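Reader: Before we discuss the pockets, the cavities and the ligand, could you show me the model and then explain the reasoning behind each description?

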Amino acid sequence: MSSSSRTVIRGGLVVTAADELHADVLIEDGRVAALAASGTPAAESLTAAHTLDATGKYVIPGGVDAHTHMELPFGGTAASDTFETGTRAAAWGGTTTIVDFAVQAVGRSLRDGLDAWHAKADGQCAVDYSFHMILSDVDENSLKEMDLLVDEGVSSFKLFMAYPGVFYSDDGKILRAMQRASGNGGLIMMHAENGIAIDVLVEQALARGETDPRHHGEVRKVLLEAEATHRAVQLARVAGGAPLYVVHVSAEEAVAEIAAARDKGLDVFGETCPQYLFLSTDNLAEPGFEGAKYVCSTPLRPREHQAALWRGLRTNDLQVVSTDHCPFCFTGQKELGRGDFSKIPNGLPGVENRMDLLHQAVVDGHISRRRWIEIACAAPARMFGLYPKKGTIAPGADADIVIYDPHAEQVISAETHHMNVDYSAYEGKRVTGRVETVLSRGEPVIADRRFVGRAGHGAYTPRSTCQYLN
Ligand code: URP
Ligand code: ZN
Ligand code: ZN
């Protein structure tokens, strides 16, 4: 192989979930070919036509965001990032793989849903992508299709205990899907909120004239997240120990349910998101209709819950931080819920902000540098069968690599972000650390803070099954 197709990154601090080492990284044919401690003869022997200087910077694996919703039709509108704009923004934020959710429409097959999502993403993405499947209609056919999807690389299935009449599955359907997953290696992802009870509380709140965004947080009670989390765990046990991954965990009591299950040795995993770690019901209560910007489900919680989430991330009761990126513009989309909070489309933007916000958590002392890489890169890759192709820097891994400046200061703002949404949930937040250069399979996508990638570079990436299971 001639040195012209090779790149070497010199002098940076390579940080993976397992190690920190001043090392030079050789990339060949889109993959990591070798690492050698900087300044040693072994490092000097790593020659390449292209050199990137990472002195004073971190060299980290590209982020893996395992929970995004590009172009999701929801709440009478659709998420405002396309696969093109959303994956470009992901790259700007140091994320080089997304796992998005294909949706089964009620009365249709999983195949139809998956085909539709492939059609949206094909040729559009700046970084690599995979799919989970949302099960909206569990029946004999869709259960059989689950096996086929696992075999072709869609090995995780989201079920909803919330949103009756939309994505909701009753306990019987959930049990059937879990039984199937316990036999085929699939991972059940659960939106754990008691949606039937929540809908009663929504109706009662609206009847009392409580229409503001903050009431969204009040009706979606902590107890109803904890109850649903507990029920999901018990259903998974009844189903023969189906592995369970609880998405967007927001409440201390839900973390406790997951921790209790894990203490029993059950295959139960938990994800939280930056919005629950950095935002709170104070945002939902912002004056006027501003709180609509923060409407998502599970909802933002009182800030007291944040300590339990950080603790869960440190103790590994929570394994992953994903964004649940599901942006809706304030103008024309969030505004659909003026006068009725239940009509505000649910979801927040964040795919561009996750790596920086979690680096800020390192700066603030919540997590270590390696834990940052674990929860944002390695664990989501392992959880969803992408490791070690994604999520680490090691010989043979895809050269999805970020050169990260840990000292740069930035202020997060809609004025400067690249997501296709007219506000930032973190407007004005000052953070230390910034992505400088991003490689996707060895190709520059961001070079010294310029986008040099292209729609269509990103490749569909089939996945194996969850790598936390025996
Ligand atoms: O509010 C949210 N989370 N919107 C996206 C759909 C979901 O439940 O993940
Ligand atoms: Zn959800
Ligand atoms: Zn989601």
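Author: This is a predicted model, and a good place to begin is the second largest pocket, which lies between domain 1 (3-60 + 391-409 + 432-451) and domain 2 (62-383) because both of them give residues to its lining.

Reader: Which residues lie nearest the centre of the second largest pocket, and how many line it?

Author: The lining comprises 15 residues, and those nearest the centre are Glu352, Asp356, Gln410, Thr416 and Arg449. Strand E16 (401-411) and strand E17 (430-440) are the elements that give two or more residues to this lining. The space in this pocket comes to about 210 Å³, and its lining divides into 4 nonpolar, 7 polar and 4 charged residues.

Reader: What makes Asp324 a polar contact of ligand 1?

Author: A polar contact is a pair of N or O atoms within 3.5 Å. A polar side-chain atom of Asp324 lies 2.6 Å from a nitrogen atom of ligand 1, so the pair meets that cut-off.

Reader: How do you know that His67 and Asn346 also qualify as polar contacts of ligand 1?

Author: For His67, an N or O atom of the side chain is 3.5 Å from an oxygen atom of ligand 1, which is within the 3.5 Å allowed. For Asn346, a polar backbone atom is 3.1 Å from a nitrogen atom of the ligand, and that pair is therefore within the cut-off too. As for cover, ligand 1 taken alone exposes 270 Å², of which the protein buries 100%.

Reader: Which residues come nearest to ligand 1?

Author: There are 13 residues around ligand 1, and Lys158, His191, Ser297, Asp324 and Asn346 come nearest.

Reader: Why is the space beside His69 and Asp324 called a cavity?

Author: The term cavity is used because a 1.4 Å probe fits at its points but cannot get out. His69, Phe74, Lys158, Tyr163 and Asp324 lie nearest the centre of the largest cavity, which is lined by 16 residues and holds about 120 Å³ of space.

Reader: What makes the second largest cavity count in a search for cavities of 30 Å³ or more?

Author: Its volume is about 30 Å³, and the search of the whole structure finds 2 cavities of 30 Å³ or more. Among the residues that line this second cavity are Ser250, Tyr276, Arg301 and His305.

Reader: Which helix gives the most to the lining of the largest pocket?

Author: Helix H6 (residues 195-207) does, with 4 residues. The largest pocket contains about 320 Å³ of space, and of its 17 lining residues Phe74, Tyr163, Arg220, Ser342 and Asn346 are the closest to its centre.

Conventions: Residues numbered from 1 in each chain as written. Chains lettered and ligands numbered in written order. Predicted model: local features only at pLDDT ≥ 70, side-chain atom pairs only at ≥ 80, totals over all residues. Heavy atoms only, no water. 1 Å grid on protein atoms, 1.4 Å probe; cavity = no way out; pocket = protein on both sides within 12 Å on 5 of 7 lines; lining within 4 Å. Points joined across faces, edges and corners; volume = space filled by probe spheres on them. Nonpolar A, V, L, I, M, F, W, Y, C, P; charged D, E, K, R; others polar. Domains from an automatic or database assignment. Near = heavy atom within 4 Å. Polar contact = N/O pair within 3.5 Å; in protein donor to acceptor, adjacent residues only side chain to side chain. Areas by Shrake-Rupley, 256 points an atom, 1.4 Å probe, with all protein chains shown as cover.
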